Amino acid sequence: MAFSSFAAFLAMGGHGPYVWAAWGVTALLMIACVWHARIERRLLIRSLTRRTRREKMRPPQSGKTAPNSLQASQADDT
Amino acid sequence: MWTFIHKWGSPKWFYAMSARVQPWCWAVSLLLIATGTVWGLAFAPTEVNQGQGDSFRIIYVHVPAAFLAQSVFVSMAAASLVFMVWKIKVADMAATVMAPFGAVMTFVALFSGAVWGVPTWGTWWMWDARLTSMLILLFLFLGVIALRGAFASRDSGSKAASVLAMVGVINIPIIKYSVDWWFTLHQPATFTLTSRPAMPTEMWLPLLVMVLGFYGFFIALTLMRTRNEILRREMNKRWVIDLIREAR
Amino acid sequence: MLDTPQGGLWVAFKATLKRDVTLMFRRRGELLNPLVFFALVVTLFPIGISPDPAVLSLIAPGLLWVAALLAALLSLDSLFRTDYDDGSLEQLLLTPQPLAVLGLAKVAAHWLFTGLPLAIVAPLLGIMLALPAGSYAVLSLSLAIGSASLSLIGAIGAALTVGIARGGVLLSLLILPLYIPVLIFGVGAVQAAINGDGIAAHLAMLGALLAASLLLAPWAIAASLRISING
């Protein structure tokens, strides 16, 4: 441990604002990237689902099924 | 070997396989980043040789971001090459999603460099060789993004952005070399941000962990967004429609 | 035509060059535009910074190079634009000769009518900016070599953006970062001449950049033209 107390850790030997600004902006932007990707996915799936629902009015198409892995992927990360 | 490439080139296959790989990528990268963060911020010894004190801890975000920014451009150009030569669409989708992330990483490197400059140089900006090349890299990323967006047809935009990415990647080493030359010619500060004679192990080990974590993050995020891009572009394909129908 | 004889290539190159030169002579008014722009930009700086010769001579090498670079950039947009609009670019794509060679001929014509005149006029403007004696020839030479690279690299951007309605601003965004190495070594040569250092290294680097762009740019130009026209 390079610091004696939590206050010293926050102060960063007098360079606190610089260290925390650099780290904070980096963390913020990286979280924003992940957040954006998740929102993007959710919106895409929502619009695709809506479209499928709309097309349900039409007669059902051929009963070709997707492989299981696809369903699994759908289940674990949405 | 050829069938392997062929399989990964199929959007459907890629979508299915990336779903399995993706959680592992996230787990590994977040673990590495968390370790590197705690280690770098709290446990790595304070810099004393050059009197930077604790401000040197910015290195643990600045250097990984700078590494990553260049690697993203190279990966983007490689994906573009694969797309142009073998017409593999997944490669173009990956290149599409890499460009904005590369621009973000370049910005992170620039921002952390500028903030680091305040305690070290006493100013927010110095025309330091490393920062200048980073700035140019940012412009290159913005150019690729803008060119892709400027075309009405997605296909033309993809091809044009691919050519530009490849032209850019040939130019990056030339730009780096010429900027270094220009910098030494003008001989301003004798002190660059990250040049130090032999960094002790306990300082560069967390840096290594951080760099690996950032690379993992890049891979995981690219997989995630490429999957989105696949859904968007293959929207009308049979398998996507089936996929959505069954997911409900 | 499965194999193009060597002579056929050269003939195609000459024919394209001749055609472009003829066309440019018909639009003589436009030829002057980059030069006038160059002179105008150079005029702005003494007004904007200081008329003091000591200050001006300090910034003259970089200023002249940047102004010439911008002038060359300005003329790039029209490199393929008129041919694209009247459809002759499509005809160019249909010829049996490699498009790279024909593109190179068009770039050569562009350089003859912008890069070369800029290099010739630069010393005149150098006098106005109190450029130190002994660097005038180097200024011209470095601009002549450097602007050839600028035309080649810039043509890639022009070819990429020719299909876009208002591609002018985008073109500069794409191309300016790629111009930086040429600018560095070009200004470096003039600066070295002023300081009395050897200029050979800088000129050699400019030559190397030109050789590399001569080798690689035509292929990129050809690929970009195909994308812009065929989608």
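Let me begin at the start of α5 in chain B, where a side-chain oxygen of B:Asp128 reaches to within 3.1 Å of the backbone nitrogen of B:Arg130. Please keep in mind throughout that this is a predicted model.

The helix that follows, α5 of chain B, covers residues 129–150, and its end C-alpha atoms are 32 Å apart, which agrees with the 32 Å that its 22 residues should span at 1.5 Å a residue. Helix α7 of chain B, residues 201–233, has 33 residues and reaches 47 Å from its first C-alpha to its last, close to the 48 Å expected at 1.5 Å a residue. As for its surroundings, α7(B) is mostly covered, with 24 of its 33 residues buried.

Next, the backbone, where two residues deserve a remark. B:Lys87, although it is not a glycine, has a positive phi of about 55°, and its place is the loop between α3 (59–86) and α4 (89–121) of chain B. Is that residue buried or exposed? B:Lys87 is exposed, its relative accessible area being 55%, and the cut-off for that word is over 50%. In chain C, C:Ala130 likewise is not a glycine and has a positive phi of about 55°; C:Ala130 sits in the loop between α6 (99–128) and α7 of chain C, and at 26% relative accessibility it counts as partly exposed.

Now to the way the chains meet. There are 2 pairs of chains that touch, and the most contacts are between chains A and B, whereas chain A and chain C do not touch, their nearest C-alpha atoms being 24 Å apart.

I will spend the remaining time on chain C and chain B, whose contact takes 23 residues from chain C and 27 residues from chain B. The area buried between the two chains is about 2100 Å², and carbon and sulfur atoms give 87% of that area. Within chain C, the residues that lose the most area to chain B are C:Leu160, C:Leu178 and C:Ile227, together 24% of what that side buries. The elements of chain C that give two or more residues to this side are α7 (136–161), α8 (168–195) and α9 (200–230). By residue type, the side of chain C that touches chain B divides into 19 nonpolar, 4 polar and no charged residues.

What, then, is the count of salt bridges between chain C and chain B? That count is 0, and the rule for polar contacts also finds 0 residue pairs across the interface of chain C and chain B, with both residues required to be at pLDDT 80 or more.

Technical notes:
Residues numbered from 1 in each chain as written. Chains lettered and ligands numbered in written order. Predicted model: local features only at pLDDT ≥ 70, side-chain atom pairs only at ≥ 80, totals over all residues. Heavy atoms only, no water. Contact = heavy atoms within 4.5 Å. Buried area = accessible area lost by both parts, 1.4 Å probe. Salt bridge = Lys/Arg side-chain N within 4 Å of Asp/Glu carboxyl O. Polar contact = N/O pair within 3.5 Å; in protein donor to acceptor, adjacent residues only side chain to side chain. Helix = DSSP H or I, 4+ residues; strand = E, 2+ residues; numbered from the N terminus. Nonpolar A, V, L, I, M, F, W, Y, C, P; charged D, E, K, R; others polar. Expected span 1.5 Å × (residues − 1). Buried < 20%, exposed > 50% of the residue type's maximum accessible area, 1.4 Å probe, protein only.
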